[in-house]
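Q: I'd like a close look at a single part of this protein, with its surroundings filled in afterwards. Here it is.

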Amino acid sequence: LAPYVLPPGFVESSCHSRIFWMKLNKLLLQGKFFQLEINDPYAGPVLLDEKLASRCGYVLSEDVWGNPIFRASVLGCHVANEADELFSLTVNIRVSSYSSMRAAVTYTYPMYCSYSSWASREIVCEENYMEVSVKTDVPAVSNDYTVAWMSALPETQNVAYQVWQLMFVSPSGRKRIMVSDAAKLGYSFNNTLSRVYLRAPYHSNESDVSTVSGVNMNMVTSTSMYRQRWLLLLIDTTVSCPVDGTSFTDTTLTWTVPSFIPTLVVQESAFMSKNILMGVDGRVIVNPEEKNFLLEHNKTHIGITIPIGAEGGKLKSSVSGGVYGVIYSIDLFLEHTWTDADWQTTKYTVIKSITTPFMPQIPTVINTTLPEERLFNVAFGHFLPDVSLVTVAIGNVPFTLREAQHHGFKIYETPFSNRTKGFILEVSFDDPHVLKEYVNRNETKYILLVNYTVSVGPEMTLYYHAAEVECVVADIEIPEAVGHCDEENLYLAIPTFGLHHYWNLYLGNKLLNQHVAITNGYLPATNSTHLILQIPLFSVGVVYEDVSFQKIKARFDVALRKVRTMETLQMFSVSCNFNSSAFISKLCKRSINKKICDSFLKLRTNSLIFSVCHPDGTIMVSAQMKTVPAIDMSKTRLRDSSCKPREYNEGHAFFKFHVTTCGTSVRFEGDYIIYENEISYEKEILPGQSIWKITRDPDYRLTVLCYYRAKETLVLGAFASDPSTSPPSGSGTMVPRSNTAVYRRIRQALNVVSRVSKDETFVEFYEPNKAIVKRPLEPVFLEVELKDKSPLDELYLENCWVTGSLDFNSTPRWNITVDG
């Protein structure tokens, strides 16, 4: 049968450093299996396996690109040798679609090498064997017998093979064995026309490991002996090869080989380095510096430094422990030629395949988002070409690349520097899978949650990487309210955009919803764009400020707060000025008791009081005095006689004071804290001739009350008061009607109990006889209970104070109530 014709580009071969080099194209072997057979010219095909390879000088591996590589020494088994100058080797390449190699196709590939410039000693350090060949001097033979001698040479060589012996020197001692026995130990020894060679496996029993200039060397010390009756030939066949010497940084790898090896050079003084060559992937690099390679040497070391990722090597992506990283591999060789006194010339060749450890390369997410275009633009990299994007999950929703494109996402590759690439993802801010969060005053935070799944390396290992990208855009317009007033109402118009989505309206600490609005008497109305709130003048929440004789300013506030954080962003206010007289007249007419108000206005000796209770505890009072005869308004006072009116005229007096001053008392009634003071007039007494005194002024006394909710501080409104119809009241006091209670108080009767509550509910109380710490203006909830059920006894709270000590006589003290 005619041999199969090799596919074009399937095999590439060369010959250098006295080694056959053959490379197979992995692309033509995809999905197939192959074997190599060494075609022996006498015995036929011999299947190549690991044991045969190391003994016969063969190497079968892959280059950094994954192409199968076969190397063979020209002194290897089954190599045809013509006068140590011409060498040939035939290899059978068997290719099958089945792992059992059935139905295999066999391609025959012959290789030829010529090599005549042999050094006296040549050492080759291959990946799986060490080889040393030494030149021997053949005795001169006359020309008459040259042809006959040459014809008899093969037989002579066969006989000579039988009488060669090897002497090994190792830490365990000396060992002399026949060549045939050495072959059983994995060694290969033979002689050619002009050379003797020994091939040894690494780490054999006869080998030793020593450190030379910091590099571990595997060494076989041997002497080859040839004995005949008239001849004893001793040849030093010692060989030593480096087994490590690699080191790495984040950016470079360095390979170090000793430049001087003591076991190979007896006289160091005669050692002289002649030439150093380096190569990559079987090719000599003439000018290493042009490729950023660094070749250095000194008396002890030869160093080759390669940038990780340099041309000639290969970066490969990998995943280790769920982490993405890269591995860099490169095939190097070093050829060092030297001379010394014992050997004329030594050529020392080392072939080294170097792979870096796994180097983590955490991918980066580069945010190049364009806020003005409302578009996320995210680059994900840097990756080697052997990485491909499989899926992306946006907001925990997975999309294949086709599904993502169909949905409207844009995904495409982009090249980066250093021969890397990345993946660009574009997602609109308005995509439903993008999270949105209202932040600050008028900004939206758009959040893109993306989880990448990529396929890594030829193994297609899946790698996952989650990323979160944010972009804050000022794209929310905070509403502005518009207000106005009429004679009876205040109006506030608020845009409805964003309400209940970003913001809520609050009246004090209460959410201003439909129920609260109606409960408080507001009239809400909405159209397509605004909420219009109608607030009657005397509604809850209306604040009265700048109270004077001429005007009263009414203000209504609504807070715009964030839905989640309750942070107040804006206060919407409407305020208007009203004529004081007209305002008070309207107030009186709105009084619950219309008859009292009407009769009150008709009285000759009447008065009208308007008070405003501010949330900060400030009280403003405008008192209208209509008495007959008229009184001097400058002489009106509060309970504390030093508190005089700030403004006054013939018919009005205006007071402003705080609930903690001017003798103001406090009491609790239901859910309210009630502060009370009194406006009185200092009468003028005329002297008389008898014990009787004459007063020219009428009796004048007005009560001022302010109601505050126990949990809130809200203005509740105004009220009218008439001394003739308003009974006197105290701060939680009862006027004693019998002496029994006084008597019991003097006796300190046991049926009177006092406690301090922790809050206004009077459910949980402080323990007795323990100090209670309170801040200034913080309310104290005191309960004094009369346990006696007698209807003749009543409780009178005379003095109540707080102090910093349990001693009742300690000072200073701060009064809560004085004289009831």
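In which strand does Arg-701 lie?

A: Keep in mind that this is a predicted model. Arg-701 lies in strand β57, which covers residues 701-709. With a relative accessible area of 42%, Arg-701 counts as partly exposed, because that class runs from 20% to 50%. As for what is around in space, take Glu-682: Arg-701 and Glu-682 are 19 residues apart along the chain, and their C-alpha atoms are separated by 9.9 Å.

Leu-462 falls in the partly exposed class too, at 43% relative accessibility. Leu-462 has its place in strand β38, residues 461-473, and joins Val-390 and Tyr-464 in a nonpolar surface patch of about 280 Å².

Now for the rings. The model holds 26 aromatic pairs. One of them is Tyr-115 with Trp-118, edge-to-face at 4.8 Å centre to centre and 90 degrees between the planes; both residues are buried. Phe-383 and Phe-423 make a tilted pair, with 5.8 Å between centres and 45 degrees between planes. Phe-383 sits in strand β31 (residues 375-383) and Phe-423 in strand β35 (residues 421-428), so this pair ties together parts that are 40 residues apart in sequence. Phe-383 and Phe-423 are both buried, and ring pairs link them with Tyr-324, Phe-380, Tyr-452 and Tyr-463 into a cluster.

Charges meet rings as well: Arg-71 lies over the face of Trp-21, 5.1 Å from the ring centre, while Lys-562 has its charged end over the ring of Tyr-438, at 5.5 Å from the centre.

Conventions
Residues are numbered from 1 along each chain as its sequence is written. This is a predicted model: local features need pLDDT of at least 70, side-chain atom pairs count only at pLDDT 80 or more; totals for chains, interfaces and linings use all residues. Side-chain values use heavy atoms; hydrogens and water are left out. Patches are made of residues with over 30% relative accessible area and no salt bridge: like charges are joined within 9 Å, nonpolar side chains (Val, Leu, Ile, Met, Phe, Trp, Tyr) within 5 Å. Accessible areas come from the Shrake-Rupley method with a 1.4 Å probe; for residues, only the protein chains shown count as cover. A salt bridge is a side-chain nitrogen of Lys or Arg within 4 Å of a carboxyl oxygen of Asp or Glu. Helices (H or I, at least four residues) and strands (E, at least two) are DSSP runs, numbered from the N terminus. Buried means under 20% relative accessible area, exposed over 50%, partly exposed in between (1.4 Å probe, protein chains only). Rings of Phe, Tyr and Trp (its six-membered ring) pair if their centres lie within 6.5 Å; planes under 30 degrees apart count as stacked, over 60 as edge-to-face and the rest as tilted. A charge sits over a ring if NZ of Lys or CZ of Arg is within 6 Å of the ring centre and within 35 degrees of the ring normal.
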